[in-house]
Number of protein chains: 2
Amino acid sequence: MLIAHVLHDKGEAVHALPANATLQQAAQELLDKRVGALVVLDAEGALMGVFSERDLVREVARLGPAALTQEVGAAMTRHVITADPSETLHDCLSRMTDRRVRHLPIMEADRLIGIVSIGDLVKHCIAAAEAESAALQAYIAAQ
Amino acid sequence: MLIAHVLHDKGEAVHALPANATLQQAAQELLDKRVGALVVLDAEGALMGVFSERDLVREVARLGPAALTQEVGAAMTRHVITADPSETLHDCLSRMTDRRVRHLPIMEADRLIGIVSIGDLVKHCIAAAEAESAALQAYIAAQ
């Protein structure tokens, strides 16, 4: 199963922030959108970085209350691990566990077309395994 | 594959906090231990709740800088979704995606014996699938 299928089911909606949003605003946006990470885009819509729950934890640990007035552009993860829609779920899950990230922005020719979380991919893997098992049982029952 | 096998490989170490630690201390502990969730234990070592990155985000969004002097006992998740060491990885991954949690404390007869993350379980599933595939290829090559 390919990432393109996950995006097809999930939709291409990406929750984004500008780099000059504060960490306080980012926390509110993470809560409101019920997501674990937001993408940070420049004025042309190009991907500058990702701001995740983990980035908030690190900045709060490091700076205390002063972290919350800091700008997302200074606290986001800039070296973003991404994926391509033609990759398999298995390859993306391997990359996520190796690199210890829980979100992968999906890029097609330098254009951001979506984001998937480790939970999205696990859910699709489970659904695929259950469909395969049901098909096998139906085949056996029909013999 | 069972949760007991994951705990055997990973070890039973659980990073814990007392309920009177502040959210600032919790953020530091999440960062230092490089984990996404901590268990909150009472004086007898019984599980009172879980404090995760997501709990920190919610409290910061809700209270701003005042969140950081709050006690973990007031901000933790009390209705903890747990698992049993005899459960399969598949069942636990299903529960995690259904309930939208990324950590499962593992309980044996009301005693906390470990904690697993969605990343731990995915890593073990991938390793198991790769071992199965390698065994199958070796079998075919030997024919």
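**Exercise 1. Describe the hairpin of β2(B) and β3(B) and the surroundings of β2(B).**

Step 1. Five residues lie between β2(B) and β3(B) in their hairpin, and Gly45(B) in the turn has a positive phi of about 85°. Helices (H or I, at least four residues) and strands (E, at least two) are DSSP runs, numbered from the N terminus.

This is a predicted model, in which local features need pLDDT of at least 70 and side-chain atom pairs count only at pLDDT 80 or more, while totals for chains, interfaces and linings use all residues. Residues are numbered from 1 along each chain as its sequence is written, chains are lettered from A and ligands numbered from 1 in the order in which they are written, and side-chain values use heavy atoms, with hydrogens and water left out.

Step 2. The pairing of β2(B) with strand β3 (residues 47–52) of chain B is antiparallel, over five bridges; two strands pair if DSSP finds at least two bridges between them. Within this pairing, Leu41(B) is opposite Leu47(B).

Step 3. Strand β1 (residues 16–18) of chain B pairs with β2(B) in the parallel sense, over three bridges. Here Ala16(B) has Val39(B) as its bridge partner. From β1(B) the chain reaches β2(B) through helix α2 (residues 23–33) of chain B, in a right-handed β-α-β crossover. Right-handed means that, with the strands pointing away from the viewer, the path from the first strand over the helix to the second runs clockwise.

Step 4. Strand β2 (residues 37–41) of chain B has four of its five residues buried, so the strand is largely enclosed by the rest of the structure. Buried means under 20% relative accessible area, exposed over 50%, partly exposed in between (1.4 Å probe, protein chains only).

**Exercise 2. State how chain A is related to chain B, and find the residue of chain A that comes closest to the rotation axis.**

Step 1. A turn of 180° and a shift of 0.0 Å along the axis lay chain A on chain B with an RMSD of 0.0 Å. The two copies are therefore related as by a two-fold rotation axis. The superposition is by least squares on the C-alpha atoms of residues with pLDDT of at least 70 in both copies.

Step 2. Pro65(A) is the residue of chain A closest to the axis, with its C-alpha at 2.5 Å.

**Exercise 3. Characterise the interface of chain A and chain B.**

Step 1. Count the contacts (heavy atoms within 4.5 Å): 28 residues of chain A touch 28 residues of chain B.

Step 2. Take the buried area, which is the accessible area (1.4 Å probe) that two parts lose on being put together, summed over both. Chain A and chain B bury about 2600 Å² between them, and 69% of it is on carbon and sulfur atoms. Of the area that chain A buries against chain B, 20% comes from Glu53(A), Val57(A) and Ala61(A), more than from any other three residues.

Step 3. Look for salt bridges (a side-chain nitrogen of Lys or Arg within 4 Å of a carboxyl oxygen of Asp or Glu). Four are found across the interface. Glu53(A) forms a salt bridge with Arg54(B), at 3.9 Å from N to O.

**Exercise 4. Place Ser117(A) in its strand and list its contacts.**

Step 1. Ser117(A) belongs to strand β5 (residues 111–117) of chain A. Its relative accessibility is 17%, so Ser117(A) counts as buried.

Step 2. Leaving out residues up to four places away in sequence, Ser117(A) touches Lys10(A), Met96(A), Arg102(A) and His103(A).
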